[in-house]
Amino acid sequence: MVALIEAVEWLIMRLGVVSGFATLVITIIVVVDVAGRAIFNSPLHSGVELSELLLVAMVFLGLGSAQQSRQNYAIDVASRHLPQWAQKLLELVGYAFCLGVVVLLAWPSQKQAFNSFARGEAGFGIVAFPLWPARFILAFGLWVLAVQFTCDILRLLLGAPKSIEPADTHSGVGPE
């Protein structure tokens, strides 16, 4: 079971890499658009729309990876003083709550994506840029986050420590 969890988490981490790559592509698009406007007085057509799509990919494809590597906010002022069993129970309840919220967001997002695709929803502009790909990416990213919360719950219940350390535990400088 742990091997399956690690395989799923490996895929989720790769989506985080895709998210980072989207950042690079957004930067390139913006530079080309600005340079085109300044030098040739001709903007990159659909550059803004493509950047918006990539921004959705950057945020939502990176959600599961951020959760996996603990790069999100946590307030543990009170919980770190609790006994170990209470910390684990609180962590389990938190994961279960977050999983429920994410599923409640992912399900209607998925339905909206399919409706958008069926209608051929597109934005207004010089080029009719389709909106449904962003809606699918958003829903997919939420489902990936739900899978990561499920992996976190399973790891906690199985007593299997995470193979990926939280981001704040390593300074990257010298031995610990």
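**Figure 1. Serine 46, in the loop between α1 and α2****.** This view, like the others here, comes from a predicted model. Serine 46 is found in the loop that links α1 to α2. Take a look at its backbone: phi is positive, about 65°, although serine 46 is not a glycine. Is serine 46 buried or exposed? With a relative accessible area of 17%, serine 46 falls under the 20% cut-off, so it counts as buried.

**Figure 2. Asparagine 41, just after α1****.** Stay in the loop between α1 and α2, and you'll find asparagine 41 there too. Asparagine 41 comes right after helix α1. Its phi is positive at about 55°, and once again the residue is not a glycine. What about its surroundings? Asparagine 41 has 69% relative accessibility, so it counts as exposed. Compare that with serine 46, which is buried.

**Figure 3. Helix α1 from end to end, residues 2-40****.** Here's a helix of 39 residues. How far does α1 reach from its first C-alpha to its last? The span is 56 Å, close to the 57 Å you'd expect at 1.5 Å a residue. Now pick out the buried residues of α1: among them are Ile5, Ile12, Met13, Leu15, Ile26 and Ile29. The buried set isn't just made of residues like those, though, since Glu9, Ser19 and Asp33 are in it as well. And what covers these buried residues? The cover includes α2 (47-61), α3 (63-68) and α5 (132-158).

**Figure 4. Where α1 packs against α5****.** The two helices pack at an angle of about 145°, and their axes are 10 Å apart. Their crossing is left-handed. On the α1 side, the contact is made by Val2, Ile5, Glu6, Val8, Glu9, Ile12 and Leu15. Facing them from α5 are Phe140, Val144, Val147, Gln148, Cys151, Asp152, Leu154, Arg155 and Leu158. What kinds of residues are these? Sorted by type, the contact has eleven nonpolar residues, one polar and four charged. Two names to spot from the previous view are Ile5 and Glu9, which are buried residues of α1 and also take part in this contact.

**Figure 5. Valine 8 and its partners****.** Zoom in on one residue of that contact: valine 8, in helix α1. Which residues does valine 8 touch, leaving out those up to four places away in sequence? The answer is Val147 and Cys151. Along the chain, valine 8 and cysteine 151 are 143 residues apart, yet their C-alpha atoms are separated by 8.1 Å. Valine 8 has a relative accessible area of 24%, so it is partly exposed.

**Figure 6. Helices α4 and α5 side by side****.** Helix α4 covers residues 84-119 and packs with α5 at an angle of about 160°. Why call the pair roughly antiparallel? Angles over 145 degrees count that way, and therefore α4 and α5 are roughly antiparallel to each other. Their axes are 8 Å apart, and the crossing is left-handed. The residues of this contact split into 25 nonpolar, five polar and four charged.

**Figure 7. Cysteine 98, in helix α4****.** For the last close-up, stay with α4 and find cysteine 98. With 31% relative accessibility, cysteine 98 counts as partly exposed. How does its place in sequence relate to its place in space? Take valine 77: cysteine 98 and valine 77 are 21 residues apart in sequence, and 19 Å apart from C-alpha to C-alpha.

Key
Residues numbered from 1 in each chain as written. Predicted model: local features only at pLDDT ≥ 70, side-chain atom pairs only at ≥ 80, totals over all residues. Heavy atoms only, no water. Helix = DSSP H or I, 4+ residues; strand = E, 2+ residues; numbered from the N terminus. Expected span 1.5 Å × (residues − 1). Buried < 20%, exposed > 50% of the residue type's maximum accessible area, 1.4 Å probe, protein only. Contact = heavy atoms within 4.5 Å. Axes fitted to C-alpha atoms, helices over the stretch in contact; angles between N-to-C directions. Parallel < 35°, antiparallel > 145°, perpendicular 65-115°, else oblique. Left-handed = near helix turned anticlockwise from the far one by under 90°. Nonpolar A, V, L, I, M, F, W, Y, C, P; charged D, E, K, R; others polar.
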